[in-house]
Amino acid sequence: MQWLEKYIATAEKILSVYDGAMPLQHYLKNYFSQNKKHGSRDRKTITHLCYTYFRAGKALTALSFRERLLAALYLCENDPGKWKSLFSNEFVDNHSPVLEERIKFIANIYPGFSAKNIFPFEDEMSFAGESFARSFLVQPKTFLRIRPGRSKTVTDALTRASIPFEHEGGAIALESAVNIAGILKLNADAVVQDSSSQKTGDLLLPLKQENICSVWDCCAASGGKSILAFDVLKPIRLTVSDVRPSIIHNLKKRLREARVPVEKMFKADLTKPVDPGCKFELIICDVPCTGSGTWARTPEQLYFFNREKIDVYASLQKSIVQHVLPHLAEDSYLLYSTCSVFIKENEDAVRFIQQAFPFMELIQQQSIRGYHQRADTLFAALLKKRKI
Ligand SMILES: C[S@@+](CC[C@H](N)C(=O)[O-])C[C@H]1O[C@@H](n2cnc3c(N)ncnc32)[C@H](O)[C@@H]1O
């Protein structure tokens with residue numbers, strides 16, 4: 001159909017100049033604000049095509065734009081639906097609602113293709129990578145974490161607004177990124193937080209008995225982990241910092257909405273020595289990382305990724321930890337976490353901490369694998385500073 005061809009042509013025009021320097025979401029927003037002719041259905045379809053193109057990751061890169069996009073659409077769609085007319089009879093007749101079958105079909109058409117080629121970095125991971133690689137072909141869900149005591153408020157509000165949701169563990173799963181800002185008091189009633197990220201709170205649960213009081217979230221971003229730590233451990237005296245001044249503004253706003261009191265908030269570049277003013281009983285070090293465990297949400301990052309970046313992040317992470325640990329009190333805890341699947345950023349970083357700071361004892365480390373539940377895959381480790 002001609003209108004589908006127009007969408008494909010627009011997606012090709014956009015992606016022929018997009019270089020991955022800015023998140024695709026922002027790039028498309030800018031593009032559409034400069035190209036007002038696209039109505040809301042056009043924007044939605046073109047956005048879908050661009051994301052689908054990147055979902056094939058590092059696979060099928062030798063194909064033409066159109067061929068790769070169609071192969072990616074074929075792989076990603078459970079039902080060819082409105083895209084049917086783009087495919088040959090052979091493709092349509094062999095379409096299966098089962099992802100495995102579609103992968104087999106595409107591997108038959110393009111010899112050499114395998115799901116592993118989508119994310120060809122299994123050698124850098126601590127677990128088998130094929131299912132993880134396949135998960136890029138499915139859009140992750142959006143998850144909410146209900147704030148303590150707000151369960152009924154949240155489920156009632158979603159039900160009233162006819163938003164389908166499911167309880168998954170302690171999290172609420174929404175099928176797509178619906179705008180819930182007008183329906184819920186975001187941050188006060190519920191926080192948008194991936195279900196795997198919510199599970200990092202489980203590592204903090206045993207600390208509740210220890211009456212942990214002073215907490216420093218040293219790479220706080222917009223405060224997801226700060227709010228989680230407050231909900232698990234309150235009352236706490238919270239210090240937050242981040243290197244980006246722009247984020248500090250959002251952080252302040254979000255913690256206010258979440259009614260999380262903050263004792264101190266400051267900008268700090270932790271690749272250099274800092275003085276937060278005191279020692280802490282818990283430091284949350286949710287370091288900057290490749291983000292590889294979250295790329296099913298931002299598949300453009302996988303497409304433009306090169307493995308040299310792993311070492312760049314690994315050394316940044318070591319530097320941050322080295323500047324933070326002097327501010328940990330004795331008998332106190334470090335929660336180290338990433339949203340990466342790479343060993344160098346995870347298990348190797350923990351090994352480095354133990355070697356460089358022999359008084360740091362590993363309590364537990366965990367790769368939190370969400371890819372079977374359409375959630376992120378993260379890593380978290382809890383270490384304790386023994387008395388020296
Ligand atoms: C993974 S994010 C933290 C996410 C946050 N904990 C949450 O749950 O929402 C990592 C943060 O580290 C910050 N960061 C990057 N380089 C840094 C540095 N040199 N010193 C301190 N923070 C840094 C980034 O600005 C980013 O906000």
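**Exercise 1. The annotated binding site**

Which residues does the UniProt annotation "binding site" (unreviewed entry) cover? Then work out where they sit.

Solution. The model used here is predicted.

Step 1. Read the record. The unreviewed UniProt entry lists D242, D269 and D286 under "binding site".

Step 2. Check whether they gather. They span 45 residues in sequence, but no two of their C-alpha atoms are more than 14.0 Å apart, so they gather at one spot.

Step 3. Place D242. This residue is in strand β6. D242 has 24 C-beta neighbours inside 10 Å, so it counts as buried. The cut-off for a buried residue is 20 or more.

Step 4. List the contacts of D242, leaving aside neighbours within four places in sequence. They are C219, A220, A221, I247, I248, L251 and K267.

Step 5. Place D286. Strand β8 holds this residue. D286 counts as buried because it has 22 C-beta neighbours inside 10 Å.

Step 6. List the contacts of D286, again without neighbours up to four places away. D286 is in contact with C219, K225 and S337.

**Exercise 2. The annotated active site**

Find the residue that UniProt lists for "active site" and describe its surroundings.

Solution.

Step 1. The unreviewed UniProt entry gives C339.

Step 2. Locate C339. It lies in the loop between β9 (328-338) and α14 (347-356).

Step 3. Is C339 buried or exposed? Count C-beta neighbours inside 10 Å. There are 25, so C339 counts as buried.

Step 4. Name the contacts, not counting residues up to four places away in sequence. C339 touches C289, G291, G293, T294, D376 and L378.

**Exercise 3. Two neighbours in one loop**

Compare A59 and L60 in the loop between α3 and α4.

Solution.

Step 1. Start with A59. It lies in the loop between α3 (40-55) and α4 (65-76). With 26 other C-beta atoms within 10 Å, A59 is buried.

Step 2. Look along the chain from A59. I118 is 59 residues away, yet the two C-alpha atoms are separated by 4.7 Å.

Step 3. Add the contacts beyond four places in sequence. A59 touches F113, N117 and I118.

Step 4. Turn to L60. It is found in the loop between α3 and α4 too. L60 has 19 C-beta neighbours inside 10 Å, so it counts as partly exposed.

Step 5. Check the backbone of L60. Phi is positive, about 60°, although L60 is not a glycine.

**Exercise 4. Backbone checks in two other loops**

Describe the backbone features at R259 and P235.

Solution.

Step 1. Take R259. Its phi is near 55°, a positive value in a residue other than glycine.

Step 2. Place R259. It is in the loop between α11 (245-257) and β7 (264-267). R259 counts as exposed because it has 11 C-beta neighbours inside 10 Å. The cut-off for an exposed residue is 12 or fewer.

Step 3. Take P235. The peptide bond from K234 to P235 is cis, with omega near 5°. P235 is found in the loop between α10 (224-233) and β6 (237-242).

**Exercise 5. Helix pairs**

Give the packing of α13 with α14, then of α2 with α3.

Solution.

Step 1. Find the geometry of α13 (residues 308-324) and α14. Their axes come within 10 Å and cross at roughly 40°. The crossing is right-handed.

Step 2. Name the residues that meet. A314, Q317, K318, V321 and Q322 come from α13, and D348, A349, F352, I353 and A356 from α14.

Step 3. Repeat for α2 (residues 24-34) and α3. They pack at about 145°, with axes 11 Å apart. This crossing is right-handed. L24, L28 and F32 of α2 make the contact with R43, T47, C50 and Y51 of α3.

**Exercise 6. The core and a covered helix**

How many residues are in the largest nonpolar core, and which of them touch the most other members? Then examine α10.

Solution.

Step 1. The core has 104 residues. V215, L282, I283, C285, L334, L335 and Y336 touch the most other members. The largest share of this core, eight residues, comes from α4.

Step 2. Zoom in on L334. Beyond four places in sequence, L334 touches I283, C285, L325, L328, M360 and L383.

Step 3. Move to α10. Eight of its 10 residues are buried, and the helix is mostly covered. Among the buried residues are G224, K225 and S226.

Step 4. Name the partners. The buried residues of α10 pack against β4 (190-192), α9 (195-204), β5 (214-217), β6, α11 and β8 (280-286).

Conventions: Residues are numbered from 1 along each chain as its sequence is written. This is a predicted model: local features need pLDDT of at least 70, side-chain atom pairs count only at pLDDT 80 or more; totals for chains, interfaces and linings use all residues. Helices (H or I, at least four residues) and strands (E, at least two) are DSSP runs, numbered from the N terminus. Two residues are in contact if their C-beta atoms, placed from the backbone, lie within 7 Å. UniProt positions are given in the numbering used here, feature names are shortened, and annotations may be inferred rather than shown by experiment. A nonpolar core is a set of buried Ala, Val, Leu, Ile, Met, Phe, Trp, Tyr and Cys residues joined through C-beta atoms within 7 Å. Axes are lines fitted to C-alpha atoms, for helices over the stretch in contact, and angles run from 0 to 180 degrees between N-to-C directions. A crossing is left-handed if the near helix is turned anticlockwise from the far one by less than a right angle, and right-handed if clockwise.
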